[in-house]
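Okay, thanks for making time, everyone. I've got one structure to walk you through today, so let's put it on the screen.

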Amino acid sequence: MVFNKEIARFAVGVIGNIISLILFLSPLPTFNRIWKKKSVEQFSPFPYLATFVNCGLWVLYGIPLVHPHSILVVTINGTGLGIEVVYLMLMKIFLIIIGEIIFLGSLALLVLTLVQTHKKRSTIVGSICMVGNILMYASPLAVMKLVIRSKSVEFMPFFLSLFSFLNGVSWTAYALIRLDAFILVPNSMGTALGLAQLLLYGMYYKSTKRQNAERQAQVEMGPKGVGLVG
C-alpha cells in the first residue's frame with residue numbers, strides 16, 4: 001500500500017511539474033508584447049516577483065539537507081526560478097531582484113548552519129514557503145481589482161489564470177497522497193484564487209472585446225477626422 005502511494009505521488013508530482021512548467025511559460029505572449037512595445041504598460045511585476053521568491057523558497061525546502069525525497073519539488077521550482085529571472089529582467093527591476101536573491105541566500109545560510117535536524121529545517125522553511133506560496137497565488141488580486149474596476153481582462157492573461165488554477169489542483173492532490181501541510185495549505189488556497197480569476201475572465205471577456213473594438217474604431221477614424229478638418 002505504501003509503495004502504491006509512492007507511485008501515485010510520483011505520478012501526480014510529474015503531472016504537477018508539467019502543469020507548473022506550462023504555468024511558468026504562460027506569460028510568454030505578455031512578455032513578447034512588452035519586448036515589442038518596449039513598455040510594461042499596466043502589467044504588474046508583483047506576480048512575477050512573488051513567483052521568483054516562491055520558487056527559491058521551494059528549492060530550499062526540497063533539497064535533501066532540508067526535506068529529503070522531494071526531488072520533484074526541486075526540479076520544477078529550480079526551472080521556474082530561471083524563467084522568472086528572465087521575465088523580471090525584461091521588466092527592468094534589477095534592484096528588487098538582487099534584494100530577493102540576498103534574502104534567499106541569507107535564509108539558506110542561516111537554516112543550514114544553525115538548525116541541525118531535517119524536521120526542524122523542514123518546519124522552518126516549510127512555514128516560510130507557505131507564506132511565499134500564498135503571496136504568489138494572491139499577487140494577482142491587484143490585477144483582479146483592476147479587472148473589476150475597468151470591466152476588462154486585457155491585463156489579466158487567461159492562460160496564466162488557467163494554469164494557476166490547474167497548478168493548485170495538481171499540487172493539492174500531491175500533498176494529500178502523503179500528507180504535507182506545507183504544500184497542501186497554500187495550494188488549496190491557490191486553487192480557490194485561480195478559480196476566482198477564471199470566473200472574472202468569464203464575466204468580463206465580452207466587455208473586453210467590446211472595449212477593444214471601440215478603441216480600434218477610434219484609431220481607424222482618427223486619420224479620417226484629420227482629413228475632413230483639412
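I'll start with the overall picture and then go down to a few residues.

First, a caveat: this is a predicted model. So what is the chain made of? Nine helices and zero strands. Reading along the sequence you just get α-α-α-α-α-α-α-α-α. If you take a box along the principal axes, the C-alpha atoms fill roughly 80 × 40 × 25 Å.

Some bulk numbers, since I know you like those. The chain has 230 residues, and 43% of them are buried. The accessible surface is about 12700 Å², and carbon and sulfur atoms own 75% of that. On the charge side, there are 19 positive and 8 negative side chains, and the centres of those two sets sit 2 Å apart. And for contacts with a separation of 6 or more, 80% come from residues 24 or more positions apart.

Now, annotation. The UniProt record, which is an unreviewed entry, marks "transmembrane region" on residues 6–25, 46–63, 69–88, 93–112, 124–143, 155–177 and 183–205. I pulled up two of those stretches. Residues 46–63 come out 94% helix and 0% strand in the model, with 26 Å between the end C-alpha atoms. For residues 93–112 it's 95% helix, again 0% strand, and the ends are 29 Å apart.

Next up, the nonpolar packing. Which residues touch the most other members of the largest nonpolar core? That core has 40 residues, and the answer is Y48, W58, L88, V125 and I183. Elements giving two or more residues to it include α1 (2–25), α3 (46–62), α6 and α9 (181–229). The top contributor is α3, with nine residues. There's also a second, separate core of eight residues, with M156, L200, Y201 and Y204 among them.

Let's zoom in on L88 from the big core. Skipping neighbours within four places in sequence, L88 is in contact with P45, Y48, L49, F52, I93 and I97. Notice Y48 in there, another of the residues with the most core partners.

Okay, on to a couple of asparagines. N133 sits in helix α6, which spans residues 118–138. Is N133 buried or exposed? Its relative accessibility is 4%, so it counts as buried, the cut-off being under 20%. Beyond its neighbours within four places in sequence, N133 is in contact with N54, W58, P186 and N187.

That last partner, N187, lies in helix α9. N187 is buried because its relative accessible area is 4%. Not counting residues up to four places away in sequence, N187 touches N133, Y137, N167, G168, W171 and T172. So if you want to follow a trail on the screen, you can step from W58 to N133 and from N133 to N187.

Last residue: I19, over in helix α1. Why does I19 count as buried? Because its relative accessible area is 16%, and that falls under the 20% limit. With neighbours within four places in sequence left aside, I19 is in contact with F163, L166, N167 and S170. So N167 turns up in the contacts of I19 as well as in those of N187. And if you're wondering about W58, its C-alpha is 16 Å from that of I19, with their positions 39 residues apart along the chain.

That's my tour, so over to you for questions.

Definitions and conventions:
Residues are numbered from 1 along each chain as its sequence is written. This is a predicted model: local features need pLDDT of at least 70, side-chain atom pairs count only at pLDDT 80 or more; totals for chains, interfaces and linings use all residues. Side-chain values use heavy atoms; hydrogens and water are left out. Helices (H or I, at least four residues) and strands (E, at least two) are DSSP runs, numbered from the N terminus. Buried means under 20% relative accessible area, exposed over 50%, partly exposed in between (1.4 Å probe, protein chains only). Contact means heavy atoms within 4.5 Å. Accessible areas come from the Shrake-Rupley method with a 1.4 Å probe; for residues, only the protein chains shown count as cover. Lys and Arg count as positive and Asp and Glu as negative; His and the chain ends are not counted. The place of a charge is taken as NZ of Lys, CZ of Arg, CG of Asp or CD of Glu. UniProt positions are given in the numbering used here, feature names are shortened, and annotations may be inferred rather than shown by experiment. A nonpolar core is a set of buried Ala, Val, Leu, Ile, Met, Phe, Trp, Tyr and Cys residues joined through side-chain atoms within 4.5 Å.
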